[in-house]
Every structure is written in C-alpha cells, then in structure tokens.
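Please open the model in your viewer and keep the sequence panel beside it. The tour begins with the whole chain and then moves to a single peptide bond.

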Amino acid sequence: MITVWGLKNCDTCKKARTWLEGKGASFAFKDVRADGLTADRISEWLAAVGADTLINRRGTTWRGLPAEVQAAAEDDDSAIALMQANPALIKRPIFEMADGSVIVGFAKAQQDAVEAGL
C-alpha cells in the first residue's frame, strides 16, 4: 500500500490521487496539516531525499520567511522544526512506497517511479 502525503486542496495532490485511482492503486492519503507530521517522519524523508528535494523553495511560504530563518533550514534539526511549523513548505505530493522508498513530486519521472512500484 502506498501512502500519499500532501494538502487536500493542492491541485497537484488532487491530480496525483486521481491518477492513482485511475491506475487502480491501493493508497491512503494523509494531509500534512490535518493529520499532522512527526519530527521522525520528516527526518525519514530528509534521510531518503534530502532537504533540497523536500523543501519547496519556490513557494510563497518559503519566500515569506525571513532570510535568517531560511538560512537555518540548512541544518536538519532546524529544517524539521520549520517544516512542522509550516507544512506548506514541504514539496508535494510525497509518496511513501510499499518498499519503503520515498518519491517527492508529480512530474513525469516521479510518475514513472511510482508506477514502477505499483
């Protein structure tokens, strides 16, 4: 079973869920705001994909942060705290695959990787 993390109102997350349904995939959707995130889960994602992949530095939430807060995100502990406080900073969707791998995003390459794991 795949777990998909994202925001329920995010267009990309909606597309990902519709795409998975069309593939007949068994998955659970979790909202990073409503369902909450533990520091351990974010730490696992960071270990799997790194901060450059996990933190959405192009979004309005990131651009709205003071420069000193952005700079602190280079440290894993600070990045985890920042993402817990601001879940919209996390790129989405995040696919937790049955084999334990983590795939972030919904571009063609990520779709191919998810499909290979179905």
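Begin with the whole chain of this predicted model, shown as a C-alpha trace: for its 118 residues a compact globule would have a radius of gyration near 13 Å, and the chain has 14 Å, which agrees. If you turn the trace along its principal axes, you will find that it spans about 45 × 25 × 25 Å.

Next, switch to a cartoon and colour by secondary structure, which brings out seven helices and four strands. Following the sequence from its start, you meet these elements in the pattern β-α-β-α-α-α-α-α-β-β-α.

Now display the contacts within the chain: among those between residues at least 6 apart in sequence, 64% join residues at least 24 apart.

Then add the surface, of which the chain exposes about 6,300 Å², with carbon and sulfur atoms supplying 46% of that area. Buried residues, taken here as those under 20% relative accessible area, make up 41% of the 118 residues.

With the surface still shown, select the charged side chains, which comprise 14 positive and 16 negative charges, and note that the mean positions of the two sets lie 10 Å apart.

Finally, select Pro 93, which sits in the loop between helix H6 (76-85) and strand S3 (94-96). Is the peptide bond from Arg 92 to Pro 93 cis or trans? This bond is cis, with omega near -5°, and it merits a careful look because most peptide bonds are trans.

Key
Residues are numbered from 1 along each chain as its sequence is written. This is a predicted model: local features need pLDDT of at least 70, side-chain atom pairs count only at pLDDT 80 or more; totals for chains, interfaces and linings use all residues. Side-chain values use heavy atoms; hydrogens and water are left out. Helices (H or I, at least four residues) and strands (E, at least two) are DSSP runs, numbered from the N terminus. The radius of gyration is taken over C-alpha atoms; the globule rule is 2.2 Å times the number of residues to the power 0.38. Buried means under 20% relative accessible area, exposed over 50%, partly exposed in between (1.4 Å probe, protein chains only). Contact means heavy atoms within 4.5 Å. Accessible areas come from the Shrake-Rupley method with a 1.4 Å probe; for residues, only the protein chains shown count as cover. Lys and Arg count as positive and Asp and Glu as negative; His and the chain ends are not counted. The place of a charge is taken as NZ of Lys, CZ of Arg, CG of Asp or CD of Glu.
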